[in-house]
Amino acid sequence: FQTREEIERKIARGGLKKGEEKELWDALFLTLPEIDELLKHVEAKARHPFIYPLFVFAAHTGARRSEILRSRIDDLDFGSKTVLIREKKRVKGRQTHRRVPMSPLFAAVMEKWITEHPGGPFTICKAPETPRSRQRKTDFAPLTVDEANDHFHRALEGSRWTVIKGYHAFRHSFASNCAARGVDQRLINAWLGHQTNEMVERYRHLIPSQAASAIESVFG
């Protein structure tokens, strides 16, 4: 994974094919200031009240898109400041769960969202009469994958964030930033549901500026 600055520098050198540029952007992870900036953009531009909570959920828990869409209001435990993540396929034949601590922003956004929630058990939900919906609903069902993707791209349309391909960028950004801040790898694994060493190694890197500071601390 690479920062936006690294990717833009490589593209600026020229000589890359479109497919090679795409591969670079697919490896993008966002720094904490970039995540904050993006979320503020989404909050200002969101066409529906559930969109900002959806983005904050992804950015501040590292949950997969499918896990967010399965989430239920009862999974939010404001007493213990944790959110239950409903996993899929981790253990064959049964559903498993993990818990992720709530950041202050996540807790505040979700508490506010609950006061505006249209009804039904699902955390991210829109009312059946939501205007401009591509699919008319008759109950409070969760968003579909297509709806979630459509709202993702609409929220970022016309901004510097259109290079982000989907929600998964938030997942590896979450892991990368936790690792860069020195969070115990065992905690990161538990929060993200990682089981293989290969997956763990993908996120075990530092933001370039932090890596530079680390080497300077050794060699001056």
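This short talk walks through a pocket, a helix and a small sheet in one structure. Please keep in mind throughout that the model is a predicted one.

Let me begin with the largest pocket, which holds about 280 Å³ of space. Rolling a probe the size of a water molecule over the atoms is what shows where empty space is left. In this structure, 16 residues line the largest pocket, and those that lie nearest its centre are L32, A59, H60, F174 and C178. If you would like to find the walls by element, look at α3 (32-45), α4 (51-61), β3 (97-101) and α8 (168-180), each of which gives two or more residues to the lining. By class, the lining of this pocket is made up of 10 nonpolar, 4 polar and 2 charged residues.

Which element gives the largest share of that lining? It is α8, with 4 residues, and so I would like to stay with α8 for a moment. Of the 13 residues in α8, 12 are buried, which means that this helix is largely enclosed by the rest of the structure. Among the buried residues of α8 are F174 and C178, and these two were also listed among the residues nearest the centre of the largest pocket. The buried set further includes R171, H172, S176 and N177, alongside A169 and F170. As for length, at 1.5 Å a residue the 13 residues of α8 should span 18 Å, and the C-alpha atoms at its ends are indeed 18 Å apart, so the two values agree. Just after α8 comes G182, which takes a positive phi of about 85 degrees.

Now let me turn to the sheet, to which β3 belongs as well. Strands of a sheet pair through backbone hydrogen bonds, either parallel or antiparallel. Here 3 strands form an open sheet in the order β1-β2-β3, with antiparallel pairing, and its edge strands are β1 (76-77) and β3, each of which pairs on one side only. Between β1 and β2 there are 2 bridges, while strand β2, residues 82-86, is joined to β3 by 5 bridges. V83 is a useful residue to find on the screen, since it is the bridge partner in β2 of L76, and V83 also stands opposite V100 in β3.

That brings me to the two faces of β3. In a regular strand the side chains alternate between the two faces of the sheet. In β3, R98 and V100 make up a covered face, whereas H97, R99 and P101 make up an uncovered one.

Conventions. Residues are numbered from 1 along each chain as its sequence is written. This is a predicted model: local features need pLDDT of at least 70, side-chain atom pairs count only at pLDDT 80 or more; totals for chains, interfaces and linings use all residues. Side-chain values use heavy atoms; hydrogens and water are left out. On a 1 Å grid over the protein atoms alone, a cavity is a set of points where a 1.4 Å probe fits but cannot get out, and a pocket is an open set with protein on both sides within 12 Å along at least five of seven lines; lining residues have an atom within 4 Å of a point. Grid points are joined across faces, edges and corners, and a volume is the space filled by probe spheres set on the points. Ala, Val, Leu, Ile, Met, Phe, Trp, Tyr, Cys and Pro count as nonpolar, Asp, Glu, Lys and Arg as charged, and the others, Gly among them, as polar. Buried means under 20% relative accessible area, exposed over 50%, partly exposed in between (1.4 Å probe, protein chains only). Two strands pair if DSSP finds at least two bridges between them. The expected span of a helix is 1.5 Å times one less than its number of residues.
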